[in-house]
Amino acid sequence: MPRKPFLTACLMSVSLGAAVASCGTLGAVRPPVEDLRVQPKPVPPDDVLNSRIAGELHDNAVEAWGEAGWAQVGRLCRFHRELGMKGLSCPPPPELPP
């Protein structure tokens, strides 16, 4: 015949397991850890003043860097809005191609 302390311990461990399993982030989708890293701005190459192509490539790199940064801000904003932070005006997520 099992002893009462053993049954009590079993019931407590099962109830704690159920409590931990029910914990979550309130349905918020966590942004990737890369969103917490600051990406450095692209450095212009030495020939950017002498070559039109090098200048355009640098402009494209800066444009891509800026768009990636604002997408990162949008993901973090939507994450915190889903957690319940008030006063945020977040951009909508990007449209997925069909």
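**Salt bridges in a two-helix predicted model**

Arg75 is partly exposed, with a relative accessibility of 31%. Its side chain meets that of Asp35 in a salt bridge, at 2.6 Å from N to O. Asp35 lies in the loop between helix H1 (4-21) and helix H2 (52-82), whereas Arg75 belongs to helix H2, so the pair ties together parts 40 residues apart in sequence. The acidic partner, Asp35, is buried, at 5% relative accessibility. That value falls under the 20% cut-off for burial.

The structure is a predicted model. A search of the whole structure finds 2 salt bridges. The other pair joins Glu56 and Arg52, whose side chains meet at 3.1 Å, N to O. Both residues sit in helix H2. They are 4 residues apart, so about one helical turn separates them. Glu56 is partly exposed, at 39% relative accessibility. Arg52 is exposed, with a relative accessible area of 65%; exposure requires a value over 50%.

The secondary structure of the protein consists of 2 helices and 0 strands. The protein has 98 residues, of which 12% count as buried. Asp35 is itself classed as buried. The accessible surface comes to about 8,500 Å². Carbon and sulfur atoms account for 66% of that surface. Contacts were also examined by sequence separation. Among those between residues at least 6 apart in sequence, 47% join residues at least 24 apart.

Technical notes. Residues numbered from 1 in each chain as written. Predicted model: local features only at pLDDT ≥ 70, side-chain atom pairs only at ≥ 80, totals over all residues. Heavy atoms only, no water. Salt bridge = Lys/Arg side-chain N within 4 Å of Asp/Glu carboxyl O. Buried < 20%, exposed > 50% of the residue type's maximum accessible area, 1.4 Å probe, protein only. Contact = heavy atoms within 4.5 Å. Areas by Shrake-Rupley, 256 points an atom, 1.4 Å probe, with all protein chains shown as cover.
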